[in-house]
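Trainee: Could you take me through the salt bridges, close up, and then show me what surrounds them? I'd like the cut-offs as we go.

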Amino acid sequence: MKSFLARPKRKPSPEPEEPTEVKLALLSSLHPELDQEALLDILLAHDGSVSQASASLKFPPPAKKGGGGIGYQKSLKQYAAPKEPSSPVKKKLKSKKGSTLHLYDPDDVAEQTPCTIIHNFLPSDEANALLEELMEESKSFEKITFQLFDNVVSSPHTSSFYVESYDEIKRQKTEYHYNGAKLTDVRRITPQLSKVKPKVQEAVNKEIQNRIKNRYPGGKKLKYQPPEPWVPNAAFVNCYNGPRESVGWHSDRLTYLGPRAIIGSLSLGVAREFRVRRVMPRDGENQSAEDGDVEGQISIHLPHNSLLVMHAEMQEEWKHCISAALSIDPHPIAGTTRINITYRDYRANMHPKFTTKCHCKMPCVLRVVQKKKENFGRYFWMCYASSVPDRESCGFFQWAEFDDDGNPLIKPVVSRKT
């Protein structure tokens, strides 16, 4: 008997790894007052443990007074178990391979992604006026056509490009190249776009400084990040007409923005999912199609009148997309349409006249190494003529050099074929 009592006790078995749908069904039966979306976020906040998620719901935190908006969720932090004070550790993403972590609360977005979000950014009447103006403009938007391998394809949504003067329209049409070709649809900034721009500029610069102070090592800007204030002087306006229109995984081109680019993205109309995933470089050539999703995806809910700031680490270290949706709740003004304005700071020292030219005599595109650990984060110039229908790349390649503030270091052209 004594030997039986003295025998070490077995540790409790971990919960069986049931499919997420089964876990949600269990939680829903225990807490029918909560919807599936809220239960999913609570489940993810507790690393998929049904018992821990259910326990956190038995003693919910006291409700705070104050209003909320439709489609907004309180922070996931309210469901996290309290921890003993300890030394600071690097926070790990809660998303897992093959899964999507849905975020609604601005605190969660800032903590888990390279973005910050501001809900109800503009006064309601101002946001609606801008939406109505751009809904009318979008009737004549075009799809961008480019070559992908041996096929000529069109973008899965329509867009147009806005600048501040007719002189700049002329320069954009004659001096700049996008996807290896020149833009044909360049427009002067509209009255409402012009009215909103200084508010976006002020908010983005405030978020940049908050990010540097609270998120970056030592409270200092990142290497290659410009120290000057962000000044938007151009805007791509995208129109997603219906739930099936989308844009695939990508990083925005840095050719005219320079390293560590900041983008202010204003969403209007129907709410859509903005998904991000961290770039995971690999050693050597061994990289499968699944490697890009090794840490899972994070979905940020973008309601009407929300400003998303993509910070300095976004384009080099992450990819993003707008995924197609099975269904969406119509907006009272826009119906099933989403209008997205991406304000950008075209830097003077990244003008095409300073851009490296390839053997095709075309301005090269600036890219960054993302696939291989060996040169991860290093910038390079390359020919992009192959993106133009009926043209082939000359194979030009050259490493790009910048000082710590992201200013290009002019050096003699040394090129080679890839």
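Mentor: Here are the salt bridges, followed by the cores and a sheet.

A bit of bookkeeping to begin with: this is a predicted model, so local features need pLDDT of at least 70, side-chain atom pairs count only at pLDDT 80 or more, and totals for chains, interfaces and linings use all residues. Residues are numbered from 1 along each chain as its sequence is written, and side-chain values use heavy atoms, with hydrogens and water left out.

Searching the whole structure turns up 12 salt bridges, each one a side-chain nitrogen of Lys or Arg within 4 Å of a carboxyl oxygen of Asp or Glu. Take Lys199 and Glu126, whose side chains meet at 2.7 Å, N to O. That pair ties together distant parts of the chain: Lys199 sits in helix α8 (residues 191-215) and Glu126 in helix α6 (residues 124-137), 73 residues apart. Helices here are DSSP runs of H or I with at least four residues, strands are runs of E with at least two, and both are numbered from the N terminus. Glu126 is buried, at 7% relative accessible area, while Lys199 is partly exposed at 34%. For the labels, buried means under 20% relative accessible area, exposed means over 50%, and partly exposed is in between (1.4 Å probe, protein chains only).

Helix α8 turns up again with Arg211, which makes a salt bridge to Glu313 at 3.0 Å, N to O. Glu313 is in the loop between β12 (306-310) and α9 (314-317), and 102 residues separate the two partners. Here Glu313 is buried at 9%, and Arg211 is buried too, at 7%.

Arg171 and Glu168 make a local pair: both lie in helix α7 (residues 166-175), 3 residues apart, or about one turn of the helix. Their side chains meet at 2.9 Å, N to O. Arg171 is partly exposed at 33%, whereas Glu168 is buried at 16%. There's also a network of salt bridges linking Glu137, Asp185 and Arg187.

Now for the surroundings. Of the 418 residues in the protein, 48% are buried. The largest nonpolar core has 46 residues, and Phe161, Phe274 and Tyr346 have the most contacts inside it. By nonpolar core I mean a set of buried Ala, Val, Leu, Ile, Met, Phe, Trp, Tyr and Cys residues joined through side-chain atoms within 4.5 Å. Leaving aside neighbours within four places in sequence, Tyr346 is in contact with residues including Phe161, Gln172, Tyr176 and Phe236; contact means heavy atoms within 4.5 Å. A second, separate core of 31 residues includes Ala127, Phe141, Tyr162 and Leu193.

As for the strands, one open sheet has 5 of them in the order β1-β11-β10-β13-β8, with mixed pairing. Two strands count as paired if DSSP finds at least two bridges between them. At the edges are β1 (100-103) and β8 (247-250), each pairing on one side only. Inside the sheet, β10 (residues 272-278) runs antiparallel to β13 (residues 318-322), joined by 5 bridges, and Arg278 stands opposite Trp318 in β13.
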